[in-house]
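User: I am new to this structure and would like to be led through it carefully, from the whole down to a single strand. Could you show it to me before we begin?

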Amino acid sequence: MRFSVFLVGRSMSPDDDSYVIRTLADHALEADRLGFDAVFLPDHHFTGYAPMSSDPFLFAAHLAAKTENVHYGFSVTTLPLHHPVRFAERVNLLDHLTRGKLLVGIGSGTTPEETIGFGVNFQDSKDLMEAQVELVQRLWAKKVDDEPIVFEHGPYKGAVVQRIAPAPYSERHRLMSVAMRESSTARAAKYGWPAFIPAFVPPIPASGEPSTAFQKYLDAYRTAMTSSGHSQEVIDDCMSWTTHSYQCVHVAETDEQAREELEVILAAYQDAIDREYAYNKRAEEISGVDLTAAQAPNALSEEWIRTWCLHGSPDTVAEQLGHYQKLGVGNVLMGFTNGPLTPERYALTRSSLNLFAREVMPRFRDAAPDGSER
């Protein structure tokens, strides 16, 4: 099983931006030193959600020059907000700079506040996403002497006469998509992409095992990959990066300490999302949609914690992860820095990260896929 860190962490004011950016860079370097497999970056705008995620490609290039081993991933790039030619160029360049250690998650976006900032109609984002995927594949495949590719969809138009430069690092781009609907699962299998398996419902209460919905999505993706016609090497690579995500991970010496510290972290996180709620509604009014509930989610509720958090002693955390390993999940994406990122919060992060690397990760490095010892 692979383990990846997710560079989340909110800046609550412009004065905090520089600290959050520097601290998340340090977090990525620490993850590389401790043996994590990948660093994933979000693609978010205007809200202070990881302020460097306004250009995650630029930030990943900065980090890649300083790390030795980790892959770089994006969870996820909101493809409708990117000019397709610029996206195709940037993926190729970053793939070269990381020597092929790149995984680019893509999605249509969920936040009207972000789409309207880029002049994209929120209601058109899903259709625009499909058009972008098809066009980017054509751009990557274009040879110098092929006919020009001329396009016009959404806010984007252009014509590429020669080719995308640099050329692709390899014949295969590791894009990633959420595999929840039949169409998105089929798309991931068609192109040979790893997938994010959603877990929008909590694990089974009595045992902590993954929900039946999670198992259904994972099984459907595995079946689609098996019948896709791709080589076994491609299928194995996809399964090894197929990802289950936790928004908030906190490990401490005991379950009681981990829970107490988690509640402090989540209380600050709740303050952040409550603050953002009014701006979300304002953006929805401009966009002509009504998406958010009557109030922000309750991050301190037991259901939210069971759905999105991994917490406890090393033994408890390893037990929870073992359920997903037995199902065949290849990669676990973990937010050790979620919530407003302050020096006090980051002290908890470093303790948790180091304890996980020392006491939890080795148990899965030497284990077979079913959790038994090799």
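Analyst: What follows is a set of questions and answers on this predicted model.

User: How many helices and strands does the protein have?

Analyst: Both kinds of element are present in this predicted model. Counted over the protein, there are 12 helices and 12 strands.

User: What radius of gyration does the protein have, and why does it agree with a compact globule?

Analyst: The protein has 374 residues, and for that number a compact globule would have a radius of gyration near 21 Å. The value of the protein agrees with this, because its radius of gyration is 20 Å.

User: What share of the residues of the protein count as buried?

Analyst: A residue counts as buried when its relative accessible area is under 20%. Applied to the 374 residues of the protein, this gives a buried share of 54%.

User: Is strand E10 covered or uncovered on its faces, and which residues show it?

Analyst: In a regular strand the side chains alternate between the two faces of the sheet. In strand E10, residues 248-251, Cys248 and His250 lie on one side, while Val249 and Val251 lie on the other. Since all of these are buried, both faces of E10 are covered, as shown by Cys248, His250, Val249 and Val251.

User: Which strand is joined to E10 by 4 bridges, and which residue stands opposite Val251?

Analyst: The partner spans residues 309-312 and runs parallel to E10, so the strand asked for is E11. Within E11, the residue opposite Val251 is Gly312.

Notes: Residues are numbered from 1 along each chain as its sequence is written. This is a predicted model: local features need pLDDT of at least 70, side-chain atom pairs count only at pLDDT 80 or more; totals for chains, interfaces and linings use all residues. Side-chain values use heavy atoms; hydrogens and water are left out. Helices (H or I, at least four residues) and strands (E, at least two) are DSSP runs, numbered from the N terminus. The radius of gyration is taken over C-alpha atoms; the globule rule is 2.2 Å times the number of residues to the power 0.38. Buried means under 20% relative accessible area, exposed over 50%, partly exposed in between (1.4 Å probe, protein chains only). Two strands pair if DSSP finds at least two bridges between them.
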